[in-house]
Amino acid sequence: MRCTSNKMDHRRRQKRRRRRRARAAALLIILVLLISAGAVGGFLLWDQSRIYTAAYEKTAYNRVLYQGELFAQDLCVASEEVLPAAYQPDGSLHAAGLFDLGQEQVVCGYKIYDRLYPASTTKTMTAYLALKYGNLDDVITVSGHATDFNWDESVAGLVTGDKLTLYDLICGLMICSGNDCGTAIAEHISGSEEAFAELMNTEAAKLGATGTNFVNPHGLHDENHYTTAYDLYLIFNAASKDQRFMDIISMDSYTANITGADGSVRTPTWTPTNYYSAGLASPPDGVRVIGGKTGTTDQAGNCVVLYDENAEGNPYISVIMGASDKTLLYDQMNQLFSAGM
């Protein structure tokens with residue numbers, strides 16, 4: 001009897017082991033199936049995301065490379081030349097652009113990705129950085145280097161040893177296009193023009209202006225100092241989001257308060273260089289020019305970037321680069337307004 005009982009116990013143990021092995025095998029099969037399903041699903045999601053991203057970048061970002069996070073949901077983007085039927089750019093122009101900020105649309109894009117010399121439109125970036133990193137109440141002493149310009153180069157009349165606020169300098173920079181103001185700002189913010197140019201390029205890259213390289217804060221000609229009409233729009237668009245910048249470019253004049261090295265005080269009044277703000281040109285009916293920045297060198301030609309509104313108050317940024325003279329510059333700008341606004 002004891003032998004029979006032992007045999008029965010042995011059979012029961014074998015059955016239990018077989019059931020445990022069967023359950024373990026079933027669980028292993030289920031686990032393998034779950035892992036396989038997850039891997040397939042993950043691959044399909046990744047592949048679908050990759051295909052969507054590739055298609056989106058191909059249609060929207062195939063002409064401009066952005067650094068950092070994508071932010072173009074509020075920018076005007078075009079992958080090829082865009083010309084309104086009513087606008088024919090003069091053959092001598094380097095570039096022309098009209099950007100509808102409300103509709104986030106490139107209304108006109110003529111050679112907007114070509115590498116060009118920006119002249120004093122450079123000062124938009126200098127003002128942007130001064131407002132971003134500076135204290136407008138800081139009192140700055142003008143260095144000898146900041147006043148070392150030729151007689152035929154645009155200056156605000158600063159003298160070595162002058163003391164004035166950063167706000168005064170930005171007004172002199174943007175309103176009367178003072179190269180001396182640009183250098184004084186650069187030295188105050190970064191310690192030197194060279195260090196400030198590095199900051200300019202870092203910030204330009206953050207804005208997506210990857211076709212740009214700056215070597216100075218004012219735009220005097222240098223072969224390695226260049227931008228594009230599209231990058232100029234990006235920089236001006238970023239600056240225009242600061243109400244202080246908009247207040248400055250909309251002024252029809254500004255009176256500075258400058259204390260000389262000898263303690264004397266003078267109050268020069270600076271007036272705008274763009275013809276619309278100066279009352280030397282009129283836009284078409286229904287177009288309002290808020291303000292902007294001009295630039296002129298032999299290599300860059302005559303350039304201007306403006307913030308405008310149409311009759312409904314919708315905002316635009318407009319750019320003309322490389323006009324042969326001032327008459328052509330503002331004639332082409334008015335044609336651009338009429339065709340696109």
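**Exercise 1. Strand pairing around S10**

In which sense do strand S9 (residues 288-297) and S10 pair, and over how many bridges?

*Solution.* A word before we start: this is a predicted model.

Step 1. Look at the two strands side by side: S9 and S10 are antiparallel partners, with 9 bridges between them. To check the register by eye, find Gly292 and go across to Leu306 in S10, its bridge partner.

Step 2. Follow the chain from one strand to the other. A hairpin with 3 residues makes the connection from S9 to S10.

Step 3. Now turn to the other neighbor. S10 also pairs with strand S11 (residues 315-323), again in the antiparallel sense, over 7 bridges. Two pairs to look for are Tyr307 opposite Ile317 in S11 and Glu309 opposite Pro315 in S11.

Step 4. Inspect the turn. The hairpin of S10 and S11 has 5 residues between the strands, and Gly313 there has a positive phi near 85°.

Step 5. Ask how covered S10 is. In strand S10 (residues 301-309), 9 of the 9 residues are buried, so the rest of the structure largely encloses this strand.

**Exercise 2. The sheet and its helices**

Work out the strand order of the open sheet that holds S10, then find helices that pack on this sheet.

*Solution.* Step 1. The sheet has 5 strands, ordered S2-S1-S11-S10-S9, and its pairing is antiparallel.

Step 2. Find the edges. Strand S2 (105-110) and S9 each pair on one side only, which makes them the edge strands. From one strand to the next, the twist averages 5°.

Step 3. Add the helices. H6 packs on the sheet and touches strand S1 (95-100), S9, S10 and S11, with a direction about 140° from that of S11. Helix H9 (residues 326-340) also packs on the sheet; its contacts are S1, S2, S9, S10 and S11, and its direction makes about 145° with that of S11.

**Exercise 3. Helices that meet H5**

What are the packing angle and axis distance of H4 and H5, and how do H2 and H5 cross?

*Solution.* Step 1. Take helix H4 (residues 179-190) and helix H5 (residues 193-206): the packing angle is about 80° and the axes are 8 Å apart. An angle of 65 to 115 degrees counts as roughly perpendicular, and H4 and H5 are therefore described that way.

Step 2. List the residues that meet. H4 brings Thr183, Ala186, Ile189 and Ser190, while H5 brings Glu193, Ala195, Phe196 and Leu199. Sorted by class, this contact has 5 nonpolar, 2 polar and 1 charged residues.

Step 3. Repeat for helix H2 (residues 123-133). The axes of H2 and H5 come within 10 Å and cross at roughly 90°, so this pair too is roughly perpendicular.

Step 4. On the H2 side, Met125, Thr126, Tyr128, Leu129, Lys132 and Tyr133 meet Phe196, Leu199, Met200, Glu203 and Ala204 in H5. This contact has 8 nonpolar, 1 polar and 2 charged residues.

**Exercise 4. Helix H3 and the nonpolar core**

Is helix H3 mostly covered or mostly open, and which residues touch the most other members of the largest nonpolar core?

*Solution.* Step 1. Start with helix H3 (residues 166-175), which is mostly covered: 9 of its 10 residues are buried. Among the buried residues are Leu166, Asp168, Ile170 and Met174. Just after H3 you will find Ser177, with a positive phi near 60°.

Step 2. Move to the core. The largest nonpolar core has 69 residues, and Met125, Ile170, Tyr233, Phe245 and Trp270 touch the most other members. Helix H6 (residues 229-240) supplies the largest share, 9 residues.

Step 3. Zoom in on Ile170. Leaving aside residues up to four places away in sequence, Ile170 touches Ala127, Ala130, Leu131, Leu136, Ile185 and Ile248.

Step 4. Look for a second core. Another one, of 22 residues, lies apart from the largest, and its members include Cys108, Tyr110, Tyr276 and Tyr316.

**Exercise 5. The whole chain**

How many helices and strands does the protein chain have, and what percentage of its residues count as buried?

*Solution.* Step 1. The protein chain has 9 helices and 11 strands.

Step 2. Of its 341 residues, 47% count as buried.

Step 3. Consider the contacts with a separation of 6 or more: residues 24 or more positions apart account for 62% of them.

Notes: Residues are numbered from 1 along each chain as its sequence is written. This is a predicted model: local features need pLDDT of at least 70, side-chain atom pairs count only at pLDDT 80 or more; totals for chains, interfaces and linings use all residues. Side-chain values use heavy atoms; hydrogens and water are left out. Buried means under 20% relative accessible area, exposed over 50%, partly exposed in between (1.4 Å probe, protein chains only). Helices (H or I, at least four residues) and strands (E, at least two) are DSSP runs, numbered from the N terminus. Axes are lines fitted to C-alpha atoms, for helices over the stretch in contact, and angles run from 0 to 180 degrees between N-to-C directions. Angles under 35 degrees count as roughly parallel, over 145 as roughly antiparallel, 65 to 115 as roughly perpendicular and the rest as oblique. Contact means heavy atoms within 4.5 Å. Ala, Val, Leu, Ile, Met, Phe, Trp, Tyr, Cys and Pro count as nonpolar, Asp, Glu, Lys and Arg as charged, and the others, Gly among them, as polar. A nonpolar core is a set of buried Ala, Val, Leu, Ile, Met, Phe, Trp, Tyr and Cys residues joined through side-chain atoms within 4.5 Å. Two strands pair if DSSP finds at least two bridges between them.
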